[in-house]
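Here is a friendly tour of a few helices and how they pack. Have the model open as you read, and follow along residue by residue.

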Amino acid sequence: MENSTFSLRQQCELLGLNRSSIYYQPKPIDSTDLDLMRLLDEQYTKTPFYGVLRMTAYLRQQGYRVNPKRVRRLLRLMGLDAIYQKPNTSKGCKEYHVYPYLLRNLPIVRCNQVWSTDITYIRLTKGFVYLMAVIDWYSRYVLNWSLSTTLEADFCIAGVGDLLAQGKRCEIFNTDQGVQFTTPRFTQPLLDHAIQISMDGRGRALDNIFVERLWRTVKYEHVYLHEFQTVAEVKAGLDTYFRFYNHERLHQSLDYHTPAQVYWAGLNQSDEIPFYQPASILIL
């Protein structure tokens, strides 16, 4: 910001910045909060139906003197919300359009019929990041993923945009009703490529079940086994793990074949496929 021609005040005016923001030093997250977030993440992975009060009781049993207000704040920071049927007491951003859920009673019988995405919290030793992934429902193949230090929509838009730029398409794209996915910046590129948009009903625990299962697998088989120090470390670790997940990890639901085997075979239906094809999936 040093400039002999313009003062600091003038530079801020030209950039549209508040001058006070130049002097702001971000406060690191309290170490106790990081410990609490680690426990909340592990417990949520085990019991995603636990709400604020149960999570508060759980932390108190672990010896932490916390109140529901603090637990609620940390869960919101982590982007975690209890999965159970709830009354429709909250509304999304009015300027964003919410699309209906299109997958109820729909047989999922082929690759690229339905893609889905979601966001989860990934812990670091002294911080955290957010992980977004796009998965093909039929084959469980992870098509793309990305990381971000904030819950802004940009990393979700970029992750899906990369797939569209590569010429990859699906028939229906399913998300939840989070602001990252309801913004026109996310939905309009899908519509421009004639992709139907489906959004989970509020409080519906099973509408995005395959991504929820993916998060459990990633955390138990990889994240919880490592102590990642930096964003670069967790990015490299997840890159290795997702390669393993797609190309080496045998899935019982796929008759012990890999997602890559089922996905790429499904793209060549005219060829003779010498191994198992999963039965159709029906979401009730």
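## Two sides of one helix

On helix H4, the face turned away from the buried side carries the exposed residues Leu53 and Gln61. Please keep in mind that this is a predicted model.

Which residues of H4, which spans residues 52-61, are buried? They are Val52, Met55, Thr56, Tyr58 and Leu59. These residues lie on the same side of H4, because they cover an arc of only 160° around the axis. The general background helps here: an α-helix has 3.6 residues a turn, so residues three or four places apart point the same way.

What do the buried residues of H4 pack against? Their partners are helix H3 (31-46) and helix H5 (68-78). Just after H4 comes Gly63, with a positive phi of about 100°.

## A pair of helices further along

Now turn to H6 and H8. Helix H6 (residues 154-165) packs with helix H8 (residues 184-192) at an angle of about 15°, and their axes are 9 Å apart. The two are therefore roughly parallel, since an angle under 35 degrees counts as such. The crossing in which H6 passes H8 is left-handed.

The residues that make this contact are listed by helix:

| Helix | Residues in the contact |
|---|---|
| H6 | Asp154, Cys156, Ile157, Val160 and Leu164 |
| H8 | Arg185, Phe186, Pro189 and Leu190 |

How do the residues of the contact of H6 with H8 divide into nonpolar, polar and charged? Seven are nonpolar and two are charged, with no polar residues in the contact.

Note on methods:
Residues are numbered from 1 along each chain as its sequence is written. This is a predicted model: local features need pLDDT of at least 70, side-chain atom pairs count only at pLDDT 80 or more; totals for chains, interfaces and linings use all residues. Side-chain values use heavy atoms; hydrogens and water are left out. Axes are lines fitted to C-alpha atoms, for helices over the stretch in contact, and angles run from 0 to 180 degrees between N-to-C directions. Helices (H or I, at least four residues) and strands (E, at least two) are DSSP runs, numbered from the N terminus. Angles under 35 degrees count as roughly parallel, over 145 as roughly antiparallel, 65 to 115 as roughly perpendicular and the rest as oblique. A crossing is left-handed if the near helix is turned anticlockwise from the far one by less than a right angle, and right-handed if clockwise. Contact means heavy atoms within 4.5 Å. Ala, Val, Leu, Ile, Met, Phe, Trp, Tyr, Cys and Pro count as nonpolar, Asp, Glu, Lys and Arg as charged, and the others, Gly among them, as polar. Buried means under 20% relative accessible area, exposed over 50%, partly exposed in between (1.4 Å probe, protein chains only). The arc is that of the directions from the helix axis to the C-beta atoms.
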